[in-house]
Amino acid sequence: MSASDKKHYQILVKGKIRGAGFRNYVEDIADSLELTGYVRNQSSQEVAIVIEGEEGTITAFIQSIPNISSPVKIKSLEVTEYPYSGKNSEFTIMRSEMMDEFIDGFDSILYYLQSINQKLDRVLK
């Protein structure tokens with residue numbers, strides 16, 4: 001496939017997505033579709049995805065994002081096309097400051113533990 005056949009999109013995802021493993025889910029999907037780019041936190045409720053590849057494959061990627069399961073809660077997706085850059089050779093997670101990453105990870109752990117506790121409570125009743 002030539003560079004002229006490839007597309008470049010930025011996707012802004014808003015919702016309850018930080019501290020929920022969202023970036024890891026996105027990386028897994030992009031890797032499985034052999035897309036390149038990156039995902040990074042923008043704000044407390046916004047994540048930016050830059051994705052490059054074949055248009056049909058990117059469409060499949062975008063359609064799979066709303067199917068990411070709990071604890072992710074997506075409110076909106078904003079997709080913007082830009083000229084293809086070819087700067088990315090793989091798909092990566094762009095990490096924030098170490099303390100932000102630690103807090104996000106800790107939040108994820110707490111959420112999962114609460115979820116397990118609630119399920120155990122239902123089973124034991």
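**Exercise 1. A residue in a strand**

In which strand does N41 lie? Then decide whether N41 is buried or exposed, and state how far its C-alpha atom is from that of M94.

Solution. The model used in these exercises is predicted.
- Step 1: N41 belongs to strand β2, which covers residues 36-43.
- Step 2: The relative accessible area of N41 is 11%. Buried means under 20%, so N41 is buried.
- Step 3: N41 and M94 are 53 residues apart along the chain, and their C-alpha atoms are separated by 8.0 Å.

**Exercise 2. The largest nonpolar core**

Find how many residues the largest nonpolar core has and which of them have the most contacts inside it. Then find which elements give two or more residues to this core.

Solution.
- Step 1: The largest nonpolar core has 22 residues.
- Step 2: The residues with the most contacts inside this core are I11, F22, V26, I49, I51 and F61.
- Step 3: Two or more residues come from each of β1 (6-16), α1 (22-32), β3 (46-54), α2 (55-64) and β5 (91-94).
- Step 4: The element that gives the most is α1, with four residues.
- Step 5: Take F22 as an example. Leaving aside residues up to four places away in sequence, F22 touches V13, I17, V47, I49, I65, I68, V72 and I74.

**Exercise 3. The two sides of a helix**

List the buried residues of α2, and explain why they can be said to line one face of the helix.

Solution.
- Step 1: In α2, the buried residues are I58, F61, I62 and S64.
- Step 2: Viewed down the axis of α2, these buried residues fall within an arc of 165°, so they line one face of the helix.
- Step 3: G56 and Q63 are exposed on the other side of α2.
- Step 4: The buried residues of α2 pack against β1, α1, β3 and β4.

**Exercise 4. Salt bridges**

State how many salt bridges the structure holds. For each pair, give the N to O distance, the strands involved and the accessibility of both residues.

Solution.
- Step 1: There are two salt bridges in the structure.
- Step 2: One of them joins K7 and E81, whose closest N and O atoms are 3.6 Å apart. K7 is in strand β1 and E81 in strand β4 (residues 73-82), and the pair links distant parts of the chain, 74 residues apart.
- Step 3: K7 is partly exposed at 25% relative accessibility, and E81 is partly exposed at 45%.
- Step 4: A salt bridge also forms between the side chains of K14 and E46, at 3.6 Å from N to O. Because K14 lies in strand β1 and E46 in strand β3, this pair ties together parts that are 32 residues apart in sequence.
- Step 5: K14 has a relative accessible area of 35% and is partly exposed, whereas E46, at 16%, counts as buried.

**Exercise 5. Surface and loop**

Name the residues that make the nonpolar surface patch of about 640 Å², and place I116 in its helix. Then locate Y84 and give its C-alpha distance from D5.

Solution.
- Step 1: The patch is made by I109, L113, I116, L120, V123 and L124.
- Step 2: I116 sits in helix α3, residues 98-124. With a relative accessible area of 48%, I116 is partly exposed.
- Step 3: Y84 is in the loop between β4 and β5, and is partly exposed at 29% relative accessible area.
- Step 4: From C-alpha to C-alpha, Y84 and D5 are 9.2 Å apart in space, although 79 residues apart in sequence.

Definitions and conventions
Residues numbered from 1 in each chain as written. Predicted model: local features only at pLDDT ≥ 70, side-chain atom pairs only at ≥ 80, totals over all residues. Heavy atoms only, no water. Core = buried A, V, L, I, M, F, W, Y, C linked by side-chain atoms within 4.5 Å. Buried < 20%, exposed > 50% of the residue type's maximum accessible area, 1.4 Å probe, protein only. Contact = heavy atoms within 4.5 Å. Patch = residues over 30% accessible without salt bridge, like charges linked within 9 Å, V, L, I, M, F, W, Y side chains within 5 Å. Areas by Shrake-Rupley, 256 points an atom, 1.4 Å probe, with all protein chains shown as cover. Salt bridge = Lys/Arg side-chain N within 4 Å of Asp/Glu carboxyl O. Arc of directions from axis to C-beta.
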